[in-house]
Amino acid sequence: MSNRLVIVGAGGHSKVIADIAMKNGYTDISLLDDRKIDECMGFKIIGTTEDIDSLNDSKTDFVIGIGNNKTRKMIAEKYDANWVTLIHPSAQIATNVTIDCGSVVMAGAIINAHSSVGKHCIINSGAVVEHDNIIEDYVHISPKVALGGTVCIKTLTHVGIGATVINNICICKNCTIGAGAVVVKDIKRSATYVGVPAKEIL
Ligand SMILES: CC(C)(COP(=O)(O)OP(=O)(O)OC[C@H]1O[C@@H](n2cnc3c(N)ncnc32)[C@H](O)[C@@H]1OP(=O)(O)O)[C@@H](O)C(=O)NCCC(=O)NCCS
């Protein structure tokens, strides 16, 4: 592992990632942002997204600190950088869980046995991902979400803060699940769903 990390994006999500990075032993942390700002949480902004290529070398790790799923996908597909996985030391990850490159797991999250997390996902603070889940690429599981056993969340879907998904449910790609929603049936149409039980809003 390198001690140098470049975080792409300098918003609130990046601050949380910078903290996890420090706890993982990174001592040289800087950020990129397309807005004209100089620093974030005391870390220097050293350029814009377009600088990823010129900064890319074998001694530099990268992670995308942007909450928007489509933006993370766009950046990850455009730039061939050493995207690393970052896990907060307080997260509980079962031994046979797989987590792909570029994903971040925040404080207090639990990922249980035989689950898999794709690339560039966010498993946010205190989220519970139960056993046998499949979390595809570019998914955001917000703080305090609870996913029951054998749940599948397809690519680019955002599960909002505090939402619950009961066991054996599949949520298709490109969905937004509203804060506090309870999903009790498979979701097969890409849309926004809110409420208890979760229903599509137009
Ligand atoms: C679901 C959500 C995406 C909808 O946002 P939006 O498209 O801007 O929709 P609006 O705020 O215009 O709301 C549309 C309607 O849905 C209702 N609604 C919105 N979010 C809701 C929710 N979470 N639960 C229940 N109803 C909700 C609104 O009250 C409104 O109802 P009305 O038409 O009767 O007034 C958003 O409210 C939400 O819950 N986002 C999750 C954010 C989150 O978890 N962030 C975590 C970051 S770490």
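In this predicted model, an oxygen atom of the ligand sits 2.8 Å from a polar backbone atom of A179. That contact is a handy way into the structure. From there we can look at the ligand's surroundings, then the nonpolar cores, and finally the cysteines.

**Around the ligand**
- A179 has company: 13 residues surround the ligand, and the closest are G160, I161, G178, A179 and V194.
- I161 also offers its backbone, with an N or O atom lying 2.6 Å from an oxygen atom of the ligand.
- On its own the ligand has 910 Å² of accessible area, and the protein covers 37% of that.
- Sorted by class, the shell holds 8 polar and 5 nonpolar residues, with no charged residues.

**The nonpolar cores**
- In soluble globular proteins, nonpolar side chains tend to be buried together.
- Here, the largest nonpolar core has 32 residues.
- Those with the most contacts inside this core are I123, I135, I141, L147, I153, I171 and I177.
- Take I135 as an example: leaving aside residues up to four places away in sequence, I135 touches S116, V117, G118, C121, I123, V129, I141, L147 and I153.
- There is also a second, separate core of 19 residues, which includes A10, I29, L31 and C40.

**The cysteines**
- How many disulfides does a search of the whole structure find? The search finds 0.
- C152 cannot pair with C170, its closest cysteine by sulfur position, because the two sulfurs are 3.9 Å apart, too far for a bond; a disulfide needs them within 2.5 Å.
- C152 is buried, as its relative accessible area is 13%.
- C40, from the second core, is buried too, with a relative accessible area of 5%.

Terms used
Residues numbered from 1 in each chain as written. Predicted model: local features only at pLDDT ≥ 70, side-chain atom pairs only at ≥ 80, totals over all residues. Heavy atoms only, no water. Near = heavy atom within 4 Å. Polar contact = N/O pair within 3.5 Å; in protein donor to acceptor, adjacent residues only side chain to side chain. Areas by Shrake-Rupley, 256 points an atom, 1.4 Å probe, with all protein chains shown as cover. Nonpolar A, V, L, I, M, F, W, Y, C, P; charged D, E, K, R; others polar. Core = buried A, V, L, I, M, F, W, Y, C linked by side-chain atoms within 4.5 Å. Buried < 20%, exposed > 50% of the residue type's maximum accessible area, 1.4 Å probe, protein only. Contact = heavy atoms within 4.5 Å.
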